[in-house]
Amino acid sequence: MTVSRRGLVAVALIAGLSSVAGLARADALADISSRKQITIAIPTDFPPYGFVGTDLKPQGLDIDMAQLIGAKMGVKVELVPVTSANRIPYLQTRKVDLVISTLGKNPEREKVIDFTAAYSPFFQAVFAAKGVTIRGAADLAGKAVGVTRGAIEDIELSRIAPADAEIRRFEDNNATVSAFVSGQVVAIATGASVAGNLMARNPQLGTEFKFVLKDSPNFIGVAKGEDALRGRVNEIIAEARSSGELDRLARRWLGRPAGNLPQ
């Protein structure tokens, strides 16, 4: 029997659609259990959430969270370094099972991937040396505070700082950090990642978290339709919240407890 070219194309198209449908119906949790390994996307250039240590191995809050999930599931963890640009495509194409990479939740992202409950805070805050007493905005009175011009922390700080606080604005994060390290300002208003990098590079300063300006928690990304995997990860997050493990991780890497994260 002769099959036309159009018929062959139709057969190929149907086969292709069947493969895609099969992929969409795949049970990632069952697959992970079967191969006894979970593949998790993590950052390696965003301290304190994820960075490469002196031993050339990834470390940070997101890496610890990935290892916690693997341990609770009883499987080996394969860490896959990603960037902000490719982390969601890696999840959509099933190159990874989960994304634990300072991922915020918004309506646009919810159209293409699913999210677990939040697992860690991501915030802009005021930081200063341990010997400097700053418990809230009122304590900034008479103090020089460095901030990057136009950043979220600049907007939030300007809104709550007392009139006699000396807000010194710099053109980029590097200049803001340099001003703090050199003693031009006694406090710095910045994001957790910038502060984490500052602390790691300048331990002699004894810099610590003082108070939050704005909080935007991190969530774990899961491929659309993988409800069983999302449910299992949510169970692990809930257990870690109840046991204090989330607070312990946040204190270790961010200098503050995780607090009340959205579920």
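Trainee: In this predicted model, which residues of helix 2 are buried?
Mentor: Helix 2 covers residues 28-35 of the predicted model. Seen down the axis of helix 2, the buried residues fall within an arc of 100°, so they line one face of the helix. The buried residues in question are A28, L29 and I32.

Trainee: Against which elements do the buried residues of helix 2 pack?
Mentor: The face in question holds A28, L29 and I32, which are buried. The partners that these buried residues pack against are strand 1 (37-42), helix 3 and helix 9 (227-243).

Trainee: Which residue caps the N-terminal end of helix 2?
Mentor: At the other end, helix 2 is followed by K36, which has a positive phi near 55°. At the N-terminal end, a side-chain oxygen lies 3.1 Å from the backbone nitrogen of L29, and the residue that supplies this oxygen as the cap is D27.

Trainee: Which helix gives the most to the largest nonpolar core?
Mentor: The largest nonpolar core has 63 residues, and those with the most contacts inside it are I38, M65, I69, M73, L98 and L229. With seven residues in this core, the element that gives the most is helix 3 (residues 61-73). Apart from this core lies another, of 14 residues, which includes I134, A187, A189 and L213. The helix asked for is therefore the one spanning residues 61-73, helix 3.

Trainee: Leaving aside neighbours within four places in sequence, which residues is M73 in contact with?
Mentor: M73 is one of the residues with the most contacts inside the largest nonpolar core. One of its partners, L29, is a buried residue of helix 2. With neighbours within four places in sequence left aside, the contacts of M73 are L29, I32, I38, L229, R232 and I236.

Trainee: How many residues of strand 6 are buried?
Mentor: Strand 6 pairs with strand 1 in the parallel sense over two bridges, and I40 has L98 as its bridge partner there. Strand 6 also pairs with strand 13 (residues 218-223), in the antiparallel sense over three bridges, with V99 standing opposite G221. Strand 6 (residues 98-103) is mostly covered, and the count of its buried residues is six of six.

Trainee: Which strands stand at the edges of the open sheet with the order 2-3-4?
Mentor: Three strands form this open sheet, and their pairing is antiparallel. Each edge strand has a single partner strand, so one side of each is left without a neighbour in the sheet; these are strand 2 (45-46) and strand 4 (58-59).

Trainee: Which residue of strand 3 is the bridge partner of D45?
Mentor: Strand 2 and strand 3 (residues 50-52) pair in the antiparallel sense over two bridges. Within strand 3, the bridge partner of D45 is F51.

Trainee: Which residues of helix 10 are buried?
Mentor: Helix 10 (245-254) is among the elements that cover the buried residues of helix 8. Just after helix 10, G255 takes a positive phi of about 80°. The buried residues of helix 10 itself are L246, L249, A250, W253 and L254.

Trainee: Over which residues does pLDDT stay under 50?
Mentor: The protein chain averages a pLDDT of 89, and 90% of the residues score at least 70. Where pLDDT is low, the predicted coordinates should not be read in detail. The stretch under 50, for which the model has three contacts beyond four places in sequence, is residues 1-25.

Note on methods. Residues are numbered from 1 along each chain as its sequence is written. Side-chain values use heavy atoms; hydrogens and water are left out. Two strands pair if DSSP finds at least two bridges between them. Helices (H or I, at least four residues) and strands (E, at least two) are DSSP runs, numbered from the N terminus. A nonpolar core is a set of buried Ala, Val, Leu, Ile, Met, Phe, Trp, Tyr and Cys residues joined through side-chain atoms within 4.5 Å. Buried means under 20% relative accessible area, exposed over 50%, partly exposed in between (1.4 Å probe, protein chains only). Contact means heavy atoms within 4.5 Å. pLDDT is the predictor's confidence in each residue, from 0 to 100. The arc is that of the directions from the helix axis to the C-beta atoms. A polar contact is a pair of N or O atoms within 3.5 Å; within protein, one must be able to donate a hydrogen and the other to accept it, and residues adjacent in sequence count only if both atoms are side-chain atoms.
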